[in-house]
Amino acid sequence: LGSVSSQIIQKQYKEADPVLKQSFLTLLARVPNRSNFQFLTNLVLVEPRELLIHMTNECLFASKSYPDKDKKVFEALIREHIRIAEKHKNERALVSYAILLGGLGLKSSLSILMRYTESKYAVELRRHALISVAKIAQAGKIDESFQKSLLTLLAEADFPNIVQNVLAIME
């Protein structure tokens, strides 16, 4: 899939039916380039939940094979879009971005993910941020300062969503 094909898909996406949109999302997620990353991160802000879940899952699957340089480009775009989602209080988008950051597995994502573990955020976002931290931790990319922050979460009353995920990270 070349850049011309990607551009054609991106133009046809808006008018496509939901089934074709899923196919387009799969194709775009599997071709790592800035244009596709930009298109996908923009969609997180506006797509209905069903397509958002599909897109997030496709990006998670595809990102395992992205070269590090492409992961860093995608992470930078996600960070830009996080600011937009925060401004508009779009929790659904923040959850997807947290999941995507975990899938990229970059240590540089830990600070933003750890911020979303704070009690001022919705439980769903906190849980997914912790799951993403766990993915990064499995790769041995979590240092002592983040571990100390995680330990404070063990006092949370929400065992299944918060404490259990912290325990999984600390193991």
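Let us start in the middle of things: the largest nonpolar core has 55 residues, and Tyr97 and Leu150 touch the most other members. A nonpolar core here is a set of buried Ala, Val, Leu, Ile, Met, Phe, Trp, Tyr and Cys residues joined through side-chain atoms within 4.5 Å. Helix H6 (residues 91-104) gives the most to this core, with 9 residues. Helices (H or I, at least four residues) are DSSP runs, numbered from the N terminus. In soluble globular proteins, nonpolar side chains tend to be buried together.

A word on the model before going on. This is a predicted model, in which local features need pLDDT of at least 70 and side-chain atom pairs count only at pLDDT 80 or more, while totals for chains, interfaces and linings use all residues. Residues are numbered from 1 along each chain as its sequence is written, and side-chain values use heavy atoms, with hydrogens and water left out.

Which residues does Tyr97 touch, not counting residues up to four places away in sequence? They are Thr41, Val44, Leu45, Ile78, His81, Ile82 and Ala85. Contact means heavy atoms within 4.5 Å. One of these partners, Val44, is found in helix H3. Val44 is buried, with a relative accessible area of 0%; buried means under 20% relative accessible area, exposed over 50%, and partly exposed in between (1.4 Å probe, protein chains only). Leaving aside neighbours within four places in sequence, Val44 is in contact with Leu52, Met55, Arg92, Ala93, Ser96 and Tyr97. The C-alpha atoms of Val44 and Leu94 are separated by 8.8 Å, with these positions 50 residues apart along the chain.

Helix H3 (residues 34-44) deserves a look of its own. Its buried residues are Asn36, Phe37, Phe39, Leu40, Thr41, Leu43 and Val44. The spacing of such lists is easier to read with a general point in mind: an α-helix has 3.6 residues a turn, so residues three or four places apart point the same way. The buried residues of H3 pack against helix H1 (3-13), helix H2 (18-29), helix H4 (49-63), H5 and H6. At the N-terminal end of H3, Asn33 acts as a cap, with a side-chain oxygen 3.2 Å from the backbone nitrogen of Ser35.

From H3 we can step across to H1, where Gln10 is placed. Gln10 counts as buried because its relative accessibility is 17%. The side chain of Gln10 makes a polar contact with the side chain of Asn36 at 2.9 Å. A polar contact is a pair of N or O atoms within 3.5 Å; within protein, one must be able to donate a hydrogen and the other to accept it, and residues adjacent in sequence count only if both atoms are side-chain atoms. Beyond its neighbours within four places in sequence, Gln10 is in contact with Leu28, Ser35, Asn36 and Phe39. Lys11 is also found in helix H1, and at 69% relative accessibility Lys11 counts as exposed.

Two glutamates come next. Glu75 is found in helix H5 (residues 68-87). Is Glu75 buried or exposed? Glu75 counts as buried, because its relative accessibility is 7%. Apart from neighbours within four places in sequence, Glu75 is in contact with Leu101, Leu104, Leu106, Ser108 and Ser109. Glu58 has its place in helix H4 and, at 13% relative accessibility, counts as buried. With neighbours within four places in sequence left aside, Glu58 is in contact with Thr26, Ala29 and Arg30.

The loop between H5 and H6 holds Lys89. Most residues other than glycine have a negative phi, and most peptide bonds are trans. Lys89, although not a glycine, has a positive phi of about 55°. At 70% relative accessibility, Lys89 counts as exposed.

Finally, a helix pair further along the chain. Two packed helices are described by the angle between their axes and the distance between the axes. Helix H8 (residues 123-138) and helix H10 (residues 159-170) pack at an angle of about 5°, with their axes 9 Å apart. H8 and H10 are therefore roughly parallel to each other. Axes are lines fitted to C-alpha atoms, for helices over the stretch in contact, and angles run from 0 to 180 degrees between N-to-C directions; angles under 35 degrees count as roughly parallel, over 145 as roughly antiparallel, 65 to 115 as roughly perpendicular and the rest as oblique. On the H8 side, Val123, Arg126, Arg127, Leu130, Ile131, Val133, Ala134 and Ala137 meet Asn161, Ile162, Asn165, Val166 and Ile169 in H10.

Methods: Helices (H or I, at least four residues) and strands (E, at least two) are DSSP runs, numbered from the N terminus.
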